[in-house]
Amino acid sequence: MKKICLAAAVSLLALAPAAAMPPPLPPVAEKDAATLQAEMTQGSMSDELLTTLYLDRITKIDDHGPKLDAVIATFPDAASEAKRLWEERKSGKVRGPLHGIPVLIKDNIEAKSPLPTTAGSQALKDNVTNRDAPIVARLRKAGAVILGKTNLSEWANIRSGDSTSGWSAVGGLTKNPHALNRNACGSSSGSGAAVAASLAPLAIGTETDGSITCPAAINGIVGFKPTVGLVSRTFIVPISHSQDTAGPMALTVRDAAALLGVIAGSDPADPATAEADARKTDYVAKLSSGALKGKRIGVLRDRIGGRADIAALFDAALKAMEGAGATIVEIKDSKTGQDGLGAAELEVLMTELKADIATYLASLPAKDGPKTLADLVAFNKAHPEELRWFDQSLFELAETKAGLDGKDYLEAKAKAARLAGPEGIDRLLAENKADFLVGVTNGPAWTTDLVNGDHYTGPSVSQMPAVAGYPHLTVPMGAVEGLPIGLSIIGQKWSDADVLAAGFAYEQVSRKRVTPTYRPQ
């Protein structure tokens, strides 16, 4: 599916006069969506050429060269859709900031096309639904070009506790473009690696707990997990209706804000989004380089780990925020009262996985194929290639759970929400009179080891905002030995615009994103 790009590139070059050397193609590497949109507005780039350049780059970098395996497949109509949008632009119709901008989507998100939505599993290799997830429909309406599907940790990393992030039976292993033997984190591994490698300026990831923020930070880009309920989850392969959300992954906070503004909104099929239309706003308009002035920043000092090099990057980030007008408030103990949060979260995820995956599978148009979690467990046992590198212990645990009306589940759900929200983020903000919490998103990317699985040692601050359903932004704050480290900014429920604005203000005074080098190790 990816190979169509070379033919498209050749056809464009063939338009040049035979006697003259064709002009060099404009570069797209390291260009954000706002810059590319400005180029198309000025006429130095066309929508059609832009998509062709990215398709060609996917072939050269993802399929060959470093061979990142970040993109599972490209959409066969991407080039023709870009041509149609170019004709619209020439006629004077520009739909908005994403008009003609290529966007990659994670392969657990449905889109009308001949491509299946697999969640990385061979069990769904024929899952062609011809349905657009509402967020994909919103992207199309905004004029975005749906470029392709990105690889992911299979089943969004919920199959096993011993998995290797970024590996799926369908897509293979996604590599980190900063060091090819290093992990791209997950589960939105392909989306993070693809944006970092400029295989597209924008991508959509999904998160249940850390699956946008970790791969964004480890690949050195911006990632935003919005408030749960701001973005529709319909026709997205689920884990947990309490914690799942899609979100933007981009080179800049401005691009992430623009992408969020398109995909946010209510969906009658997803009751969690009932307030979304009333809560959404123009996120780009809310950005300001002065957004940190007068703000109090609560520092999750006890969650940064013991590495001096990470602490130095974090302290430099805090100093930059202070220089931008923020007051830094040290929080020495953010963990007291959080005992039992992890166990409660696991109970919720396992119970909701069993129920939610069955609901999703039952909705698929095909009459055959798996319809329950038990069917997936049986499929994996019958297909050894699925279980070659790690087991399905979490699937099997989830299969033992009772339904959504079970006592253990209901108690765990109430406890998890309380500990993470009112007694977690909300309490820390109130006690410290803080507007946001900040922490370290990740440690350096670990070496990938399919035999032994992930050996991620942190730090991480994803759990509280994930369980509470609150917004969490990661912005690059530098690198350790060339491996990117992210700064996390966390806010209260529905404070998405304020969190993005704070991240933008930090980004403007720091500019710490590093360019991938594709070094072997």
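Biologist: Where does the largest share of the lining of the largest pocket come from?
Modeller: Let's sort out the labels. Helices (H or I, at least four residues) and strands (E, at least two) are DSSP runs, numbered from the N terminus. Helix H7 (213-218) and helix H11 (341-362) each supply at least two residues of that lining. The largest share, 5 residues, comes from H11.

Biologist: Hang on, what kind of model are we looking at?
Modeller: Residues are numbered from 1 along each chain as its sequence is written, and side-chain values use heavy atoms, leaving out hydrogens and water. Local features need pLDDT of at least 70, side-chain atom pairs count only at pLDDT 80 or more, totals for chains, interfaces and linings use all residues, and the model is predicted.

Biologist: Back to that pocket, then. How much space lies in it?
Modeller: On a 1 Å grid over the protein atoms alone, a pocket is an open set of points with protein on both sides within 12 Å along at least five of seven lines, a cavity is a set where a 1.4 Å probe fits but cannot get out, and lining residues have an atom within 4 Å of a point. Points are joined across faces, edges and corners, and the volume is the space filled by probe spheres set on them. For the largest pocket, that comes to about 930 Å³.

Biologist: Which residues of its lining are the closest to the centre of the largest pocket?
Modeller: There are 36 lining residues to pick from. The closest to the centre are Asn157, Asp209, Gly210, Ser211 and Ser462.

Biologist: How many residues of that lining are polar?
Modeller: Ala, Val, Leu, Ile, Met, Phe, Trp, Tyr, Cys and Pro count as nonpolar, Asp, Glu, Lys and Arg as charged, and the others, Gly among them, as polar. In the largest pocket, 12 lining residues are nonpolar and 5 are charged. The polar ones number 19.

Biologist: Which residues of H10 are buried?
Modeller: H10 covers residues 308-323 and reaches 22 Å from its first C-alpha to its last, close to the 22 Å expected at 1.5 Å a residue (that is 1.5 Å times one less than the number of residues). Buried means under 20% relative accessible area, exposed over 50%, and partly exposed in between, with a 1.4 Å probe and protein chains only. In H10, the buried ones are Ile310, Ala311, Leu313, Phe314, Ala317, Leu318, Ala320 and Met321.

Biologist: Which residue takes a positive phi just after H10?
Modeller: Most residues other than glycine have a negative phi. Here, the phi is about 110°, and the residue that takes it is Gly325.

Biologist: Which two residues form the disulfide?
Modeller: A disulfide is a covalent bond between the sulfur atoms of two cysteines, counted here when those atoms are within 2.5 Å. The structure holds 1 of these, and its sulfur atoms are 1.9 Å apart. The link joins distant parts of the chain, 29 residues apart: the loop between strand E7 (179-183) and helix H6 (189-196), and helix H7. The partners are Cys185 and Cys214.

Biologist: Why does Cys185 count as buried?
Modeller: The label depends on relative accessibility. Its partner Cys214 counts as buried because its value is 10%. Cys185 counts as buried because its relative accessibility is 5%.

Biologist: What is omega for the cis peptide bond that joins Gly186 and Ser187?
Modeller: Most peptide bonds are trans. Ser187 lies in the loop between E7 and H6. For this cis bond to Gly186, omega is about 15°.

Biologist: Is Ala119 buried or exposed?
Modeller: Ala119 is found in the loop between strand E2 (102-106) and helix H5 (134-141), and its phi is positive, near 55°. Its relative accessible area is 1%, so Ala119 is buried.

Biologist: What is the volume of the largest cavity?
Modeller: The structure holds 4 cavities of 30 Å³ or more. The second largest has a volume of about 50 Å³. The largest has a volume of about 140 Å³.

Biologist: Which elements give two or more residues to the lining of the largest cavity?
Modeller: Among the 19 residues that line the largest cavity, Asn108, Thr206, Thr208, Val237 and Asp244 are the closest to its centre. By class, the lining has 9 nonpolar, 6 polar and 4 charged residues. The elements that give two or more are strand E8 (202-207) and strand E10 (245-250).
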